[in-house]
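Trainee: I have a model open and would like to learn how to read it. Please take me through it feature by feature.

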Amino acid sequence: MQKVRPKKALGQHFLTDLSIARRIASTLDDFKSEPVIEVGPGMGVLTRFLLEEGHNLKVAEIDGESIEYLNNEFPELAEDGRVIEGDFLQLDLSAVFPGAERISVIGNYPYNISSQIFFHVLDYKDLVGCCSGMLQREVAERLAAGPGTKTRGILSVLLQAWYDVEYLFTVSETVFNPPPKVKSGVIRMVRNSVKDLGCDERLFKTVVKTTFGQRRKTIRNSVRGLLPGGAPMPESPLLAMRPEQLTVEQFIELTNLVSSSRKDNERI
């Protein structure tokens, strides 16, 4: 079977080091009871190890050439209809494994859509128990970044509200075809025990996005636009801080302050 040509438009960089592929696949060793969907398997370098470990696996691939390769290389997937032809970002994950209480997501994620992939996973936070895989190192570091770090951003907070995020290891650019211009990083996210944030979840997202959208400003100045004209500015030490300094819990507190100020204004 002829190998798949990497396509720049799809952000394809095929991992060639099997020891690293096996190591990435092993990030799901504690979740073998959960079905797995692999994103963008390409030529199946992760797929083969996931199957060897006995995972209940489906793969989602958008590249026709890769789909043909996978169907020939992994007939057990093809015969069961477990090669999903389509864009992962458009998939209803609850329909991939009907009736499953939890699923896992894994992949060597295309750099150009990796953030979108994690936003999509976040939409299914009550279903996805573990999400792991490889992406651009700077993005991987951002997802795992704690309070007080310059790399902390919107996805850091939104993901860490619902998941324990761990940066596992760095991968050299030399083990890919073609080699990317940057190093890669492998992370694992495991669903935490939080069932309710204790605040308006939609407003929480808005507060996080607004403050990081104006990250050079203090919280006081960035949240001002979230309050209706004439609404009192909340009083809190948090307002003197910058968004990257705040923990998830402090963002929840900030969200409740904004919500309370809005309600106080409605009563005036």
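Mentor: We go from the overall make-up to the sheet, the helices, single residues and the aromatic rings. This is a predicted model, in which local features need pLDDT of at least 70 and side-chain atom pairs count only at pLDDT 80 or more, while totals for chains, interfaces and linings use all residues. Residues are numbered from 1 along each chain as its sequence is written, and side-chain values use heavy atoms, with hydrogens and water left out.

Trainee: How many helices and strands are there in the protein chain?

Mentor: Helices (H or I, at least four residues) and strands (E, at least two) are DSSP runs, numbered from the N terminus. The protein chain has eleven helices and nine strands. Its C-alpha trace spans about 70 × 40 × 30 Å along the principal axes.

Trainee: What share of the residues count as buried?

Mentor: Buried means under 20% relative accessible area, exposed over 50%, and partly exposed in between (1.4 Å probe, protein chains only). Of the 268 residues of the protein chain, 51% count as buried. As for contacts, the term means heavy atoms within 4.5 Å. Among contacts with a separation of 6 or more, 70% are between residues 24 or more positions apart.

Trainee: In which order do the strands form the sheet?

Mentor: Strands of a sheet pair through backbone hydrogen bonds, either parallel or antiparallel. The criterion here is that DSSP finds at least two bridges between two strands. Seven strands form an open sheet with mixed pairing, in the order E4-E3-E2-E5-E6-E9-E7. Strand E4 (83-85) and E7 are the edge strands, each pairing on one side only. From one strand to the next, the twist averages 20°.

Trainee: Which bridge partners can I look up?

Mentor: Strand E3 (residues 57-61) and E4 are parallel, with three bridges, and glutamate 61 stands opposite glutamate 85 in E4. E2 and E5 also run parallel, joined by four bridges; valine 36 has serine 104 in E5 as its bridge partner. E5 and E6 pair in the parallel sense over six bridges, and glycine 107 has glycine 133 in E6 as its bridge partner.

Trainee: How many of the residues of E5 are buried?

Mentor: In a regular strand the side chains alternate between the two faces of the sheet. In E5, six of its six residues are buried. Ile103, Val105 and Gly107 are on one side, with Ser104, Ile106 and Asn108 on the other, so both faces of E5 are covered.

Trainee: Where do helices pack on the sheet?

Mentor: For the angles, axes are lines fitted to C-alpha atoms, for helices over the stretch in contact, and angles run from 0 to 180 degrees between N-to-C directions. Helix H1 (residues 18-25) touches strand E5 (103-108), E6, E7 and E9. The direction of H1 makes about 170° with that of E7. H6 lies across strand E2 (36-39), E5, E6, E7 and E9, and runs at about 175° to E6.

Trainee: Which residues of helix H7 are buried?

Mentor: In H7 (residues 137-144), Val139, Ala140 and Leu143 are buried. They cover an arc of only 100° around the axis, which puts them on the same side of H7 (the arc is that of the directions from the helix axis to the C-beta atoms). The buried residues of H7 pack against several elements, including helix H6 (114-123) and helix H8 (154-160).

Trainee: What does threonine 211 touch?

Mentor: Threonine 211 lies in helix H9 (residues 201-213) and is buried, with a relative accessible area of 0%. Not counting residues up to four places away in sequence, threonine 211 touches Ile219, Ser222, Val223, Pro243, Phe251 and Leu254. From threonine 211 to arginine 242 is 31 residues in sequence and 7.9 Å in space, C-alpha to C-alpha.

Trainee: Is isoleucine 113 buried or partly exposed?

Mentor: Isoleucine 113, in the loop between E5 and H6, counts as partly exposed at 24% relative accessibility.

Trainee: How many aromatic pairs are there?

Mentor: A pair of aromatic rings is described by the distance of the centres and the angle of the planes. Rings of Phe, Tyr and Trp (its six-membered ring) pair if their centres lie within 6.5 Å; planes under 30 degrees apart count as stacked, over 60 as edge-to-face and the rest as tilted. A search of the whole structure finds two aromatic pairs. In one, tyrosine 109 and phenylalanine 118 have ring centres 5.4 Å apart and planes at 70°, so the pair is edge-to-face. Both residues, tyrosine 109 and phenylalanine 118, are buried.
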